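The following exercises are to be worked through with the sequence and the three-dimensional structure at hand. Each task is followed by a solution in steps.

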2 protein chains.
Amino acid sequence: MLKTDENKISIAEFFEKNRHILGFENSQRALLTSVKEAVDNSLDACESAGILPSIRIEIVERENHEFEVNITDNGPGIDKNKIASSFGSLLYGTKFHSVVQARGQQGIGISAAVLYSQITTGKPAKIISKRAEDRVAYVVKLMINLKKNEPEIMEKEVMMWEHVDHGLSITLFMKGKYQRGKQSIYEYIKNTAIVNPHITIELIEPDKNIVKFARVTDRIPRLPKVIKPYIYGIEIGNIMEIIKRSPDMSVKDFFLKNFSNISTRIASEIESDADVKNIKIHALKHEHIKRIVEYIKKLPVQEPTDEALIPIEEDLIKKGLKNVIGALKPDYYVSPVTGKPKIWNGNPFIVEAGMVWGGDLPADQPIQILRYANRVPLLFQQGGCLITNAISSVNWKQYGLEQRGGSGIPSGPAVALVHVASTKIPYTSEAKEAIAEIPEIENEIKEVVQRLGRRLRMHLNKEIRRKKIEEKFEIINEILPLITEKTVAITGRPEIRYNSIIAKIMNVLWVNVIKENTGEKGKKYTIQVTNYTSAEQQITVYIDCGTVTIKSLSDKNVVNENGRIKWIVKNIDSGNTKTLSMEILSASDDAEIYYADVTGTEVIGIEPLPGDWDIDMPVIEENEEDSSEEDEDEQDS
Amino acid sequence: MLKTDENKISIAEFFEKNRHILGFENSQRALLTSVKEAVDNSLDACESAGILPSIRIEIVERENHEFEVNITDNGPGIDKNKIASSFGSLLYGTKFHSVVQARGQQGIGISAAVLYSQITTGKPAKIISKRAEDRVAYVVKLMINLKKNEPEIMEKEVMMWEHVDHGLSITLFMKGKYQRGKQSIYEYIKNTAIVNPHITIELIEPDKNIVKFARVTDRIPRLPKVIKPYIYGIEIGNIMEIIKRSPDMSVKDFFLKNFSNISTRIASEIESDADVKNIKIHALKHEHIKRIVEYIKKLPVQEPTDEALIPIEEDLIKKGLKNVIGALKPDYYVSPVTGKPKIWNGNPFIVEAGMVWGGDLPADQPIQILRYANRVPLLFQQGGCLITNAISSVNWKQYGLEQRGGSGIPSGPAVALVHVASTKIPYTSEAKEAIAEIPEIENEIKEVVQRLGRRLRMHLNKEIRRKKIEEKFEIINEILPLITEKTVAITGRPEIRYNSIIAKIMNVLWVNVIKENTGEKGKKYTIQVTNYTSAEQQITVYIDCGTVTIKSLSDKNVVNENGRIKWIVKNIDSGNTKTLSMEILSASDDAEIYYADVTGTEVIGIEPLPGDWDIDMPVIEENEEDSSEEDEDEQDS
């Protein structure tokens, strides 16, 4: 009866009239959104099938503002019987009810692109799919029946897809406007490639220009585990709904079966607290369930595991930042911060953030913010995004950035990157361009960026301290010889060794890094460690050269693994200096140098090793009776 | 077959998981959004039934964070058979397919509040409805079946509704958090009451505090006309869809019947250009329709009429601004600007903007922006709203406001109000809190606020010029007597009349307004017009005292109508001054004073009459042989 009600609006009709909600508010956006939806789907499909994604995007301008857009992937393809529904019906998706980190989750995106195409050109979408087990490829041309929100198949055929074992291809005809620059398709695929280094993505622009980002690793990211929802933050209505859809069973079994992290003990406690041991779930009354929910609220919140979540991780966060600043040389990469997994409304999530600071970056403007959700770059609606709001609500003055009135986006020479990974990203709209104001996520972003801020502050303090020490050092170096000279002249006593005196005054391990360019790609690093303390010291220096060729190394005891170097320096006598020099071949990246294993004194010149560095690189067995000691007392003359 | 597909997601399931998209992302928002959806519906219903709306909101906190929210109106009520679908099914609405300005349009809002209630407390919504023609009221308790997106009626009964002829009442039980201050329910109803002065709205807060905004006018705003869509901006797919749903007919009849502003001549031309005179619409091929759309694109865009649009209008814009600044005294109300009706994707829209400047307003902060859409205040997502973006993209430095880097929200002592009225507001999401980036609307907002900016600049320039003239005036007033004295002493010639000399130097009509407070509510205004030009001058001064009592007036030739005064001053001789003094009783508002009917000279001291003032107030017949001339040459001593 209700089905034929004149006032019922189909979701397809709704979005026909509200396509701006889906990211199709103007013709530039429409092109980008269509490409994004198709690419996000391809990446999800490839990754879950264990395939290294290769995606080709071709955009051709046909006639005034009509574009032909084709996206072809090497993904697993889909069942021929599911092509029509997957592309020709909004709110259709296999991932909707699963709790797993994915780019697409809503079952709207790609059908929305089909809908937009059909509205603006009246032409059907063409989909070709081939699975590995299919002998032929299946071709479907379809439109969406708006009133029914169902696919209308215009043509259906089979074809031989030359040289293709499996894959999917979609062609759309739509009104559009192709633009380069900010918020462009180019920008989207570049930012996607940066945090997904295992993908190859090629874009053929309307002027036939080809942009290609080739994969730099063959390692497919760990597949996120499909999990059950966590009980924390689940509302009474959610539980009632799950009960409704579940076969009848005991309360204990119900909670064991449907939620993550529920132990048999807790399931029993839930049951006995509400006194429902003999009541099966379908017979539970509202008061019972209410009682259960109240009990659950009192449970201590356990930290979720991160098995369902795939963070971007430190290296790629840095690459993302490097890419954005381009040729500009910063002073400092603030070591990225990764929060602990947390839960919002039953969904685990994790927040990561990184920052680059100083140098050539413009100091008098608001900092640039790079936003990512489930490894997808968010290019629109910055002002309406929780990430921006959380950053704006932090007091950045205490961390060394300018901030008018103590809130708002801070100003300073910095770029910040924030990534939220979750089994469910609460987007503000179906266009998936900004994160909604969920208090749990907001608090976590604030905490993570505040930790980032403290690291920045520490660096800036260190810089100040370093400058002060440098000044002190210079003064001592100037004055000491004069005092000595006078003293010697007056007292007639023998010459004094400065270094040990300086050591007593300075009381630091001093690391000096000298970088020289040698030829077009070559770089020579000289690392000097001077012990300006009165006791013997040791230090381990870690050098990350990136994926480069190391041409030469001055120290035979250095451990080198995959472009990462570990230099263990022992028994540095007070006042002595040890030196490592190395030459590397690298077009772009600078080496990153850190230290560890220093006790009882301060190190000036390089940063401590970030906690999340993979220091488990194989260590070549080393002679404990250290032979690396070389007296380099040239300064002690 | 597709209906039972496991992968089909119902819109109710979708929003159960994505309630943040609907404005329910946290428990404060949830309370506000629920109230807002109910009130918007009540206002729409009352206005379209010609009823002066009286709405009562009661919010009671039941137990930890569970709230009982009741909204009761005196609206027309709804058909007892439509109660369930209207409140228990998402995407259900009578207004969805009509082209008319309304607050609610999507058929989602109130059912979303029911959905949220059910999720968070597991309790049904209770609706009571009575139409004037019903003998009894109908009570329905319902929940939403998520899988089917259909109402599930829990209880249904009739009742006698004492003293109620017609009305609607909804009670919801939901998790919430009641807060005052910014972005609160109080803020929403206050801002709603300001631009809807014909409504009475009462809020009973959880602590039993009662807030009431009583109507200040009994005039229901003109009912917006339901129109057909305009042809401009309509896409080919839209036309194909309308054809599909239409009975078969000729192309000419089709366009005449389905679109606004299509004349018989244009309909014939459409038909003949595509050569489809003998083809009925159901037989049209894609190429035909494409041809037709291309022809339509070439049609000169006609301005739509504003019969479908209800702007806020100048007076209420000013009241809205006054309310926000509260006790702060500004320098200047920039006269509001109303754009011409424009079209986006077939929908007419109109943009209005006003601004208040200077005085006590804080000068070192970003200006405050008040956003309204279809007379509903937008309290959230300022950063993600087209209104904000359009304001940010204007170069405000040229208009006298500070703006770092030439873009972004300008800083300065100002509050701006922007209202977009349309038969379809393109919200960025179903939560209806921000407007999406539709280029046509963006351009229009920019144009309107730039006009506002020019008015501000003009005022500021005038202020600067006025100050300069004042300085000049002071100098002349000091120096002239000295020169005269010397001259008289040396030459022995008789005394010189200063005023006519000053007149020659200054060459302006000088209006001096002196305001004195007389008692608690009384104010005395003295307006002096001095002719500092060498010729005879005339001026008409308009004074708007608001709705106040005028106690006394010094000039018998003044015309007084509804608190507005028109003072026609003729034959002011060079060097002479004429004075009007008046006393009014007004607790708050200051009088606004403007001038008109001055030729050939500049007026310093007051602003010209804004173009949109209603100056057609009845003029009392006046003696043309002016008797109002009074020589006030006291200064000519």
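**Exercise 1.** At roughly what angle do the axes of helix α11 (residues 386–393) of chain A and helix α12 (residues 439–491) of chain A cross? Classify the crossing and describe the contact.

*Solution.* The model is a predicted one.

Step 1. The axes of α11(A) and α12(A) cross at roughly 55° and come within 9 Å.

Step 2. Angles under 35 degrees count as roughly parallel, and those from 65 to 115 as roughly perpendicular. The angle of roughly 55° therefore makes α11(A) oblique to α12(A).

Step 3. The crossing in which α11(A) passes α12(A) is right-handed.

Step 4. On the side of α11(A), the contact involves L386(A), I387(A), A390(A), I391(A) and S393(A). In α12(A) they meet I441(A), E442(A), I445(A), K446(A) and V449(A). The residues of this contact comprise 7 nonpolar, 1 polar and 2 charged.

**Exercise 2.** Determine the strand order of the open sheet of 8 strands in chain B, and state which helices pack on this sheet.

*Solution.*

Step 1. In chain B the strands follow the order β5-β4-β3-β6-β2-β1-β7-β8, and their pairing is mixed.

Step 2. The edges are formed by β5 (150–159) and β8 (210–213) of chain B, each of which pairs on one side only. On average, neighbouring strands of the sheet are turned by 15° against each other, direction ignored.

Step 3. As one example of pairing, β3 (residues 125–130) and β4 (residues 137–145) of chain B run antiparallel and are joined by 5 bridges. Within this pair, I127(B) has V140(B) in β4(B) as its bridge partner.

Step 4. Helix α2 (residues 27–48) of chain B packs on the sheet and touches β1 (54–63), β2 (66–73) and β6 (167–175) of chain B. The direction of α2 makes about 10° with that of β2(B).

Step 5. Helix α4 (residues 109–121) of chain B also packs on the sheet, where it touches β2, β3, β4 and β6 of chain B. The direction of α4 makes about 35° with that of β6(B).

**Exercise 3.** Which phi values do E313(A) and Q183(B) have, and where does each residue lie?

*Solution.*

Step 1. E313(A) is not a glycine, yet its phi is positive, at about 80°. Its place is the loop between α9 (286–298) and α10 (314–325) of chain A. E313(A) counts as partly exposed because it has 15 C-beta neighbours inside 10 Å.

Step 2. Q183(B), although not a glycine, has a positive phi of about 55°. This residue lies in the loop between β6 and α5 (185–195) of chain B. Q183(B) has 13 C-beta neighbours inside 10 Å and therefore counts as partly exposed.

**Exercise 4.** Locate T484(B) and determine its exposure.

*Solution.*

Step 1. T484(B) belongs to helix α12 (residues 439–491) of chain B.

Step 2. Within 10 Å there are 16 other C-beta atoms, so T484(B) is partly exposed.

Step 3. T484(B) and D364(B) are 120 residues apart along the chain, and their C-alpha atoms are separated by 48 Å.

**Exercise 5.** Summarise chain A as a whole.

*Solution.*

Step 1. Chain A contains 13 helices and 24 strands.

Step 2. The C-alpha trace of chain A spans about 115 × 70 × 55 Å along its principal axes.

Step 3. Of the 637 residues in chain A, 45% are buried.

Step 4. Among the contacts in chain A with a separation of 6 or more, 72% are between residues 24 or more positions apart.

Conventions: Residues are numbered from 1 along each chain as its sequence is written. Chains are lettered from A and ligands numbered from 1 in the order in which they are written. This is a predicted model: local features need pLDDT of at least 70, side-chain atom pairs count only at pLDDT 80 or more; totals for chains, interfaces and linings use all residues. Axes are lines fitted to C-alpha atoms, for helices over the stretch in contact, and angles run from 0 to 180 degrees between N-to-C directions. Helices (H or I, at least four residues) and strands (E, at least two) are DSSP runs, numbered from the N terminus. Angles under 35 degrees count as roughly parallel, over 145 as roughly antiparallel, 65 to 115 as roughly perpendicular and the rest as oblique. A crossing is left-handed if the near helix is turned anticlockwise from the far one by less than a right angle, and right-handed if clockwise. Two residues are in contact if their C-beta atoms, placed from the backbone, lie within 7 Å. Ala, Val, Leu, Ile, Met, Phe, Trp, Tyr, Cys and Pro count as nonpolar, Asp, Glu, Lys and Arg as charged, and the others, Gly among them, as polar. Two strands pair if DSSP finds at least two bridges between them. A residue is buried if 20 or more other C-beta atoms lie within 10 Å of its own, exposed if 12 or fewer, and partly exposed in between; C-beta atoms are placed from the backbone.
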